[in-house]
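Dear colleague,

I am handing over the structure below, together with some notes on what was found in it. Please read them with the model open beside you.

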Amino acid sequence: GGDLLLSRVSHAFKDAVGSHGRAYRLGGDEFCALLWGDSGEEMVESCLSALSAAGEGFSITSSYGSVLLPAETEDPELALQLADQRMYAYKDSSRASAGRQTRDLALQILAVHEPELHMHSSNVAVLTEGVARRLGLSGQELSDAIRAAELHEIGKVAIPFAVLHKPGPLDDEEWELMRRHPTIGANILSAAPALARVAEIVRAAHERHDGAGYPRGLAAEQIPLASRIVFVCDSFDAMISERPYRPAKSEAAALDELRHCAGTQ
């Protein structure tokens with residue numbers, strides 16, 4: 001099946017290039033076109049389209065990098081290296097874009113379904129960024145922690161309204177349902193490959209240092225650092241917020257409570 005598909009796209013690629021240049025297969029799933037200077041961007045689009053295919057149960061798309069010769073380099077090896085680097089940058093930007101779109105969609109669902117949860121998650125994200133920076137997180141690690149904070153409650157959209165807003169304590173069955181929300185949230189987010197790391201942080205954002213958290217009962221260093229940061233910031237924001245069943249704590253009292261629970265919760 002794979003060889004047939006490669007043969008099919010190879011011929012389509014060669015046909016797309018036609019008299020506008022030369023078509024090559026570099027090996028594996030990489031192809032190269034040496035296009036004459038007057039080909040234009042439309043030819044790049046035609047080549048990308050030729051290297052794409054879809055059918056029952058599969059979809060193949062392509063990423064690309066282009067180099068202008070001889071303006072950028074006259075060295076063929078350097079030209080291929082530049083094209084390779086640009087191809088991976090293109091792939092990364094496409095992944096990031098897909099991740100952003102999924103994150104925006106999830107946030108919109110949360111805002112419509114549970115406006116208070118959306119506001120709480122925004123507060124937790126601001127706190128998480130500050131704490132994560134203080135702890136030395138940067139780049140992708142920092143970005144993933146902030147995204148996870150924004151989305152750590154997304155699984156609650158699957159919890160019945162009556163359970164989510166019950167004024168008194170939950171019974172065993174309701175509590176069992178509530179404990180599933182991190183897993184549901186992670187499953188929602190992992191549908192987008194670009195959010196795979198964020199999904200794992202969300203899955204562990206209700207674990208406790210002493211192993212008494214949920215859903216997997218992870219403890220201490222087994223819990224990703226970003227998940228521990230989100231958990232603490234989540235607890236802090238919950239304590240300083242007014243709830244139907246209790247008044248808000250002062251920031252000082254909330255910090256005292258965090259210190260008191262360090263090493264256990």
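Where is the place of Pro70? Pro70 sits in the loop between strand E4 (58-60) and helix H3 (76-113), where helices (H or I, at least four residues) and strands (E, at least two) are DSSP runs, numbered from the N terminus. A cis peptide bond, with omega about -5°, joins Leu69 to Pro70.

Before going further, please keep in mind that this is a predicted model, in which local features need pLDDT of at least 70 and side-chain atom pairs count only at pLDDT 80 or more, while totals for chains, interfaces and linings use all residues. Residues are numbered from 1 along each chain as its sequence is written, and side-chain values use heavy atoms, with hydrogens and water left out.

Leu69 also belongs to a nonpolar surface patch, which it forms with Tyr24, Leu26, Leu34, Trp36 and Leu80, and which has about 570 Å² of accessible area together. Patches are made of residues with over 30% relative accessible area and no salt bridge, like charges being joined within 9 Å and nonpolar side chains (Val, Leu, Ile, Met, Phe, Trp, Tyr) within 5 Å. Accessible areas come from the Shrake-Rupley method with a 1.4 Å probe, and for residues only the protein chains shown count as cover; a salt bridge is a side-chain nitrogen of Lys or Arg within 4 Å of a carboxyl oxygen of Asp or Glu. Within this patch, Leu34 is found in strand E2 (residues 30-35) and is partly exposed, with a relative accessible area of 38%; here buried means under 20% relative accessible area, exposed over 50%, and partly exposed in between (1.4 Å probe, protein chains only).

The count of aromatic pairs comes to 2, where rings of Phe, Tyr and Trp (its six-membered ring) pair if their centres lie within 6.5 Å, and planes under 30 degrees apart count as stacked, over 60 as edge-to-face and the rest as tilted. The rings of Phe13 and Phe31 have centres 5.5 Å apart and planes at 65°, so this pair is edge-to-face. It links distant parts of the chain, with Phe13 in helix H1 (residues 2-17) and Phe31 in strand E2, 18 residues apart. Phe13 counts as buried at 3% relative accessibility, and Phe31 counts as buried at 19%.

Trp175 and Tyr214 form an aromatic pair that is also edge-to-face, at 5.7 Å centre to centre and 80° between the planes. Because Trp175 lies in helix H7 (residues 172-178) and Tyr214 in the loop between helix H9 (196-203) and helix H10 (225-239), the pair ties together parts that are 39 residues apart in sequence. Trp175 is partly exposed at 38%, whereas Tyr214 is buried at 11%. Tyr214 is joined to Pro215 by a cis peptide bond, with omega about 10°. The loop between H9 and H10 also holds Ala220, which has a positive phi of about 45° although it is not a glycine.

Turning to the interior, the largest nonpolar core has 32 residues, and those with the most contacts inside it are Leu137, Leu189 and Val198; such a core is a set of buried Ala, Val, Leu, Ile, Met, Phe, Trp, Tyr and Cys residues joined through side-chain atoms within 4.5 Å. The largest share of this core, 6 residues, comes from H5. Among the buried residues of H5 are Leu142, Ile146 and Leu151.

With best wishes
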